[in-house]
Amino acid sequence: MDFASKHVLVLGLGKSGKAVSLALKKLGADVLASDTATSVAVQDIADELSKAGVKVVLGNQGEKLLDNVDAVVVSPGVPSNVLVLETAKRRGIPVLSEIEFAYNLTDVPVIAISGTNGKTTTTTLIGEVFKNAGKAATVAGNIGTPLVGAVDNKDIETLIVEVSSFQLDTINEFRPKISVLLNVTEDHLDWHPDFEDYMRAKARLFMNQQSDDFAVVNIDDPVVARLVSDIRATVIATSKFTKPECGVFIKDGRITVRLGDDIDTDICGTEELKILGSHNLDNVMAVAGACCAAGISPKVIRDTVIAFGGLKHRIEYVATVDGVRYYDDSKATNVDATIKALTAFKEPTILLVGGRNKGNSFKPLAQSIHSNVQAIIGFGEAGREIVGKMPDFTARQYAETVDGAAKLAFERAKSGWIVLFSPACASFDAFSGYAERGDAFQRVVTALGEGNDIEQS
């Protein structure tokens with residue numbers, strides 16, 4: 001679509017909405033930007049956009065916003081069932097996601113990574129491999145930098161993009177040269193009407209791919225495995241338990257790649273990885289598959305993945321206090337992420353869980369609790385609910401706050417134990433995001449290590 005002189009409505013004024021509005025203005029469009037929020041942060045963005053010539057409406061979003069509109073660009077996180085979007089679709093007004101809008105501004109090949117858990121680690125690691133290979137690539141999308149902000153760079157040869165179900169829900173032509181789907185488990189059921197809709201959105205990652213594209217898929221995940229038969233791209237399957245004809249597998253304890261040519265390419269030993277947990281092994285296998293498909297040297301892949309120490313708030317080692325090791329996994333905002341984090345430890349473990357439930361069931365977590373989990377301590381809005389559903393064979397406690405939960409863990413833990421902060425919930429009951437929540441946990445661990453008293457709530 002040629003946006004010059006077109007009337008375009010941008011919904012949502014976070015990072016993506018702001019970037020899209022400015023990009024549209026540069027393309028000569030008449031831009032109206034809207035957000036239901038009226039916070040100070042949103043007002044600051046609105047003021048900045050107004051100075052750039054963008055009309056801004058905050059608060060209630062009525063159908064009048066669509067008057068004379070030629071297209072709507074929707075930011076991630078704006079539910080597809082809001083009235084203004086449903087009305088736009090009913091009127092036949094094109095609705096584009098931010099990544100769809102950005103994709104149409106570039107001819108650069110895209111590697112797109114999605115999944116319920118592990119997206120950011122995998123995206124970051126692929127970006128590191130490309131950097132170490134001397135490739136002109138940039139990382140963007142749901143990872144923090146809007147894709148529309150990256151397509152302006154004319155020196156970039158590859159776009160490595162993390163995409164969420166929200167973003168995939170409104171793509172039309174978005175076609176990755178290499179797609180990666182790590183897993184699909186319950187999440188965002190406060191946004192999607194049900195799990196089937198969430199799965200449908202994730203499957204759209206492959207929608208426009210053709211036989212000369214690649215799809216890297218984790219066939220150990222039962223939902224992902226169900227999607228494989230409908231993929232038109234060349235499938236590169238990853239599995240810890242089987243040996244795909246074309247894919248990534250474990251051979252004699254080593255990550256091995258075979259891309260359909262009967263040649264096994266050794267990457268590295270599983271024990272050489274610094275990042276913990278079986279889920280991170282899945283992530284590294286996906287990285288190996290995607291980067292081999294992109295023609296990156298196996299040595300560069302090996303050197304990069306074995307040096308990678310992980311990202312903040314993802315089973316991040318915090319400190320050892322009185323012989324107890326504390327780990328911050330605040331990024332675990334859903335049940336499956338917490339289940340996977342528990343696989344990283346064989347030592348006696350105290351699990352800290354809680355926050356705001358996103359419509360998920362905690363039954364799978366209860367079923368995954370094994371004998372080395374010595375105690376489960378809940379906190380925040382959902383903490384009591386979670387603790388009440390955990391098995392009787394493990395000790396269960398509740399504290400109102402993260403500080404209080406950490407203090408209870410400190411009092412209970414013994415030398416040689418693990419304290420794992422892996423909430424299984426969103427952070428928005430008490431924090432602006434998982435990073436702020438993780439920082440709060442790390443502060444209290446540091447204080448406990450220094451012998452400072454923590455007031456328990």
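At what angle do helix α14 and helix α15 pack, and how far apart are their axes? Select residues 402-412 for α14 and residues 434-449 for α15 to see: the angle is about 40 degrees, and the axes are 9 Å apart. That makes α14 oblique to α15. Bear in mind as you click around that this is a predicted model.

**Stop 1: α14 and α15**

Keep both helices on screen and look along the crossing, which is right-handed. Now show side chains. On the α14 side, the contact is made by V402, D403, A406, K407 and F410. Their partners on α15 are R437, A440, F441, V444 and L448.

Next, colour the buried residues of α14: V402, G404, A405, A406, K407, L408 and A409. To find what covers them, bring up β17, β18 (373-379), β19 (395-399) and β20 (418-421); α15 is part of that cover too.

**Stop 2: S361**

With β17 already displayed, add α12 (363-368) and pick S361 in the loop between β17 (349-354) and that helix. S361 counts as partly exposed, because its relative accessibility is 34%. Then draw a distance to I386: the two residues are 25 apart along the chain, and their C-alpha atoms are separated by 9.3 Å.

**Stop 3: α5 and α9**

Here is another helix pair. Select residues 119-132 for α5 and residues 278-293 for α9; they pack at about 40 degrees, with axes 9 Å apart. α5 and α9 are therefore oblique to each other, and their crossing is right-handed. From α5, the contact uses T121, T122, L125, I126, V129 and F130. From α9, show N280, N283, V284, A286, V287, A290 and C291.

**Stop 4: T270 and the loop with D252**

Stay with α9 and step back to T270, in the loop between β14 (265-269) and α9. T270 has 22% relative accessibility, so it counts as partly exposed. Leaving aside neighbours within four places in sequence, T270 is in contact with I250, G253, R254, I255 and L281. Of these, I255 is 15 residues away in sequence and 6.4 Å away in space, C-alpha to C-alpha.

Now pick D252, in the loop between β12 (246-251) and β13 (254-259). Check its backbone: phi is positive, about 55 degrees, although D252 is not a glycine. Most residues other than glycine have a negative phi. D252 is exposed, with a relative accessible area of 73%.

**Stop 5: H313**

Is the next positive-phi residue buried or exposed? Select H313, in the loop between α10 (298-307) and β15 (316-321). H313 counts as buried, because its relative accessibility is 4%. Its phi is near 70 degrees, a positive value in a residue other than glycine.

**Stop 6: α2**

Finish at α2, residues 40-51. At 1.5 Å a residue, its twelve residues should span 16 Å, and the end C-alpha atoms are 17 Å apart, which agrees. Show V42, I45, A46 and L49, which are buried. They cover an arc of only 105 degrees around the axis, so they sit on the same side of α2. Add α1 (15-26), β2 (30-35) and β3 (55-58) to see what the buried residues of α2 pack against.

Then rotate to the face turned away from that buried side, which carries the exposed residues V40 and K51. Last pick: G53, which follows α2 and has a positive phi near 95 degrees.

Methods: Residues numbered from 1 in each chain as written. Predicted model: local features only at pLDDT ≥ 70, side-chain atom pairs only at ≥ 80, totals over all residues. Heavy atoms only, no water. Helix = DSSP H or I, 4+ residues; strand = E, 2+ residues; numbered from the N terminus. Expected span 1.5 Å × (residues − 1). Buried < 20%, exposed > 50% of the residue type's maximum accessible area, 1.4 Å probe, protein only. Arc of directions from axis to C-beta. Contact = heavy atoms within 4.5 Å. Axes fitted to C-alpha atoms, helices over the stretch in contact; angles between N-to-C directions. Parallel < 35°, antiparallel > 145°, perpendicular 65-115°, else oblique. Left-handed = near helix turned anticlockwise from the far one by under 90°.
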